[in-house]
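User: I have a structure to go through for class. Could you help me read it?
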Amino acid sequence: MSDRTVYRPSSEVEAAAIIGDAASMEVALRLEGGGTKSSAGRPVSAETVLSSSGMSGISLYEPSELVVRALSGTPVEEVRALLARHGQELPFEPPSFEGLYGGRSGSTIGALAAMNLSGPRRISSGAARDCLLGVRFVNGRGEIVKTGGRVMKNVTGLDLVKLVAGSWGTLGFITEVTFKVLPCPKATATVRLEGLSDREGVDVLTSAMGSPYDVSAAAHVPSSSRGTSETLIRVEGSAASVEARAERLRKVVAGFGGSSVVDTDASMSIWTSIRELGPLNLRPDDVVWRISLPPDRAVEVIEAANVGNQTGARWFYDWSGGLLWLALPMRPDANSGPIRSAVDTVGGHATLIKAPEDLRRRIPVFHPLSGPVMTITNNLKKAFDPSNILNPFKMYDRI
Amino acid sequence: MVIKIPNPDETIVDRRPDILRDIGVLLPKDSLIHTKEELKAYETDALTAYRRVPLAVALPTTTEEVSAVLAYCNRNGVKVVPRGAGTSLAGGAIPQEDAIVIGLSKMSRMLAVNYRNRTALVQAGITNLSISDAVGPNGFFYAPDPSSQLACSIGGNIGMNSGGAHCLKYGVTTNNLLGVRMVLIDGTILDIGGEHLDAAGYDLLGLVCGSEGQLGIVTEATVRIVRAAEQAQAALMGFDSAEAAGAAVAEIIAAGIIPVALEYMDRTAIQISEEYAKAGYPLDVEAMLIVEVEGTKEENDATLREIIDSASKHGPRSIRVARNSSERNAIWKGRKATFGATGRISDYICMDGTIPTTQLPFVLRRTSEIISSYGLRVANVFHAGDGNLHPLILFNINEPGEMEKAEAAGEELLKLCVEVGGCLTGEHGVGIEKRDLMRFQYSATDLNQQMRARAAFDPDWLLNPAKVFPLTDRITA
């Protein structure tokens, strides 16, 4: 095992052998799927790459059971296409982030699990981790571990599925994932209001989410040089139902001003754009924050972090205000002090989701954890990867 | 098969007077239960065949008191069994003689509701239903609805990752939990998550949910509340065979319809329930589906029509749509009363395996074969939409050997669930009941990884130690 090698195991057993060897020689591994988001997270201190790209294929798909299982290196696009042929989809509307990370396609299904990537429908259908039914992975000892399964209700033992989801490859090399799927909505429509302030916009979103009309996505895009602000509320379902609910929603938000209804194709392209961060109008030298917040405090963070006055700052709110996306022109500290302190005040966490490598080395990419949570996090890392060879430093110091 | 509870550590039992005195100091008056008579109420949970009297029961009133008691137990090597409302069907709250029970019944307040964020902050001892009762007047509810929701606590629901009849649409506890405050065995108070989605760092919330009181004691929780649809409608569909009902379930889901609930009851369950609850269930069918949809009236009419069209391909004998909310409530009352009604006429154990729904017809047939081979009877009532089975195995505890037979039959059923690609427990938890079957579902490596994760929180196995993992080959820190 030498440095600067790329391993592409074609089976789980082979992957386990590679990791077992690496553990005994204490060679750190950088885990990779399609390599489309390798600049996300902290720079990993490892020259050797372990790629899932040799492990590809959909191993189980039962449309009537709403379940799909694939090897971790399977391109998301391949899974999406198969599901679409049967009128189904991944419920959590995963983003590709091709625009965010420089336009490469080919992201893998394993990465969706490892990064817990969820799009606008997260507020109604749950996150990737909520739809992830089972995972197989190789831990840092080189052992093959199975957790969860293919059924929707399963409380047998500790739920390591959730733990591995969103651990960014620091706990295990995911070899296979099983996701719950859902039928694609037959129709969709978006209720759109224009010209509202951030505060009014988020008020509209939370009112809509508190209505009985089963809103599946809710976003507010502030005004910018590209145009006036847009407040967007999506309903999905059968055609008759979508039409009826959109009309009722217009009444719910009528106090905030007039609204229009955008249907089917136009509605879908609105949400593709939201999912892929279109409203940020990203430039190559932007740094980007992804901030999870209580919706009713989201605007406070923009105000307290004082980004509104900064030239070139752009932001929008997804998840009914609970997810704030913020792009800033490059600066030495990415404004991290004021942003993190504002987030700490309201409760939530801010991830520096895109920044140049030197900045990701200097500034914590993931929101600093409390002392007790950090202790448990360290204990868990040791429980899965005692030699600290899997994606070391990807998330925190030594993790 | 009789489930083993470890022999008590006599050195701890001998120190009982000291331990009681020391813990008594940490708690307000009347918060330490120690007399023989009073302890009787805590000797078991809903797995009543097994009983053990604990050293004492602490009923703290604050997170800080929980912390003080846990820190004391940790320093003195005293085991701790957390307890919510004691409704576990898997024996998750059954004490042991050398353990202190920490009950959350005095921490049952609703602390805050935020309708804009759709969250409620509650103490862990609050009952599941009282959350919905508190936010109901504003049109909201808390979605997971186990049959025991009148009694069971949120803390217990988090411990077991409880489900219910409506999780086909709304998910189980883990999908509705945003934050917890919990106390570790060494007394450390840990806050995870809050009113925002997807807590920072590793998904500790996901790990804690369903950990059966082995990682710490949850004292507060932030849960998601949901705005109720304008109305709900329910319908009953009776079938001449289990196969036809099972095929109708697959047909409905394959048609792209996800009802809010899709429940199955067989002839025995229908009869038992009907005799008690008088919900108007059809008595001339072999199997019945309860289906519920939510939305606007027009929407519900349309969806129910689609569901009935799909089901009709499998020749239902009867179809009845509830005409109003009182008929709908009656349908649910019958379903939720089934366990209790069964308990009135017979002793029973309730299984909880989950299977891939495509395996329903096969598993139902094998279930009757297995139960018959033991000379017992079974009532099947379960969540058909997600394949979570609840065969109630009926037996007579006064008949020597019958309980052992029922347990053996149950074990065969659970192994069947695993064999067809499912799992041992869908929503009740492992507890002591399924502990010794864990090796059937998991390899040694799988279990070792779980135990190492467990040891990251409780290295000396003091928290609820007799549960979940087989008693041998345990891994400590």
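User: To start, what is the accessible surface of chain A, and what share belongs to carbon and sulfur atoms?
Analyst: This is a predicted model, so every value is computed from it. The accessible surface of chain A is about 13,500 Å², and carbon and sulfur atoms hold 48% of that area.

User: And how many helices and strands are in chain A?
Analyst: Chain A contains 13 helices and 18 strands. Its radius of gyration is 21 Å, close to the 21 Å that the globule rule gives for 399 residues, so chain A is as compact as a globular protein of that length. The C-alpha trace spans about 65 × 50 × 35 Å along the principal axes.

User: How much of chain A counts as buried?
Analyst: Of its 399 residues, 62% count as buried. As for contacts in chain A with a separation of 6 or more, 72% are between residues 24 or more positions apart.

User: What about the charges of chain A, how many of each sign?
Analyst: There are 43 positive and 42 negative side chains in chain A. The centres of these two sets lie 2 Å apart.

User: Switching to chain B, how many helices and strands there?
Analyst: Chain B has 17 helices and 18 strands. The radius of gyration is 22 Å, close to the 23 Å from the globule rule for 477 residues, so chain B is as compact as a globular protein of that length. Buried residues make up 62% of the 477 residues in chain B.

User: And what is the accessible surface of chain B?
Analyst: For chain B the accessible surface comes to about 16,300 Å², with 50% belonging to carbon and sulfur atoms.

User: How many residues of each chain are in contact across the two?
Analyst: From chain A, 75 residues are in contact with 85 residues of chain B. The two chains bury about 6,400 Å² between them, and 56% of this is on carbon and sulfur atoms.

User: Which three residues supply more than any other three of the area chain A buries there?
Analyst: Those are A:Lys153, A:Val155 and A:Leu158, which supply 14% of the area that chain A buries against chain B.

User: One last spot: where is B:Thr35?
Analyst: B:Thr35 sits in the loop between strand 1 (32–33) and helix 3 (36–39) of chain B.

User: Why does B:Thr35 count as partly exposed?
Analyst: The relative accessible area of B:Thr35 is 29%. Partly exposed covers values between the buried limit of under 20% and the exposed limit of over 50%, so B:Thr35 falls in that class.

Note on methods: Residues are numbered from 1 along each chain as its sequence is written. Chains are lettered from A and ligands numbered from 1 in the order in which they are written. This is a predicted model: local features need pLDDT of at least 70, side-chain atom pairs count only at pLDDT 80 or more; totals for chains, interfaces and linings use all residues. Side-chain values use heavy atoms; hydrogens and water are left out. Helices (H or I, at least four residues) and strands (E, at least two) are DSSP runs, numbered from the N terminus. The radius of gyration is taken over C-alpha atoms; the globule rule is 2.2 Å times the number of residues to the power 0.38. Buried means under 20% relative accessible area, exposed over 50%, partly exposed in between (1.4 Å probe, protein chains only). Contact means heavy atoms within 4.5 Å. Accessible areas come from the Shrake-Rupley method with a 1.4 Å probe; for residues, only the protein chains shown count as cover. Lys and Arg count as positive and Asp and Glu as negative; His and the chain ends are not counted. The place of a charge is taken as NZ of Lys, CZ of Arg, CG of Asp or CD of Glu. Buried area is the accessible area (1.4 Å probe) that two parts lose on being put together, summed over both.
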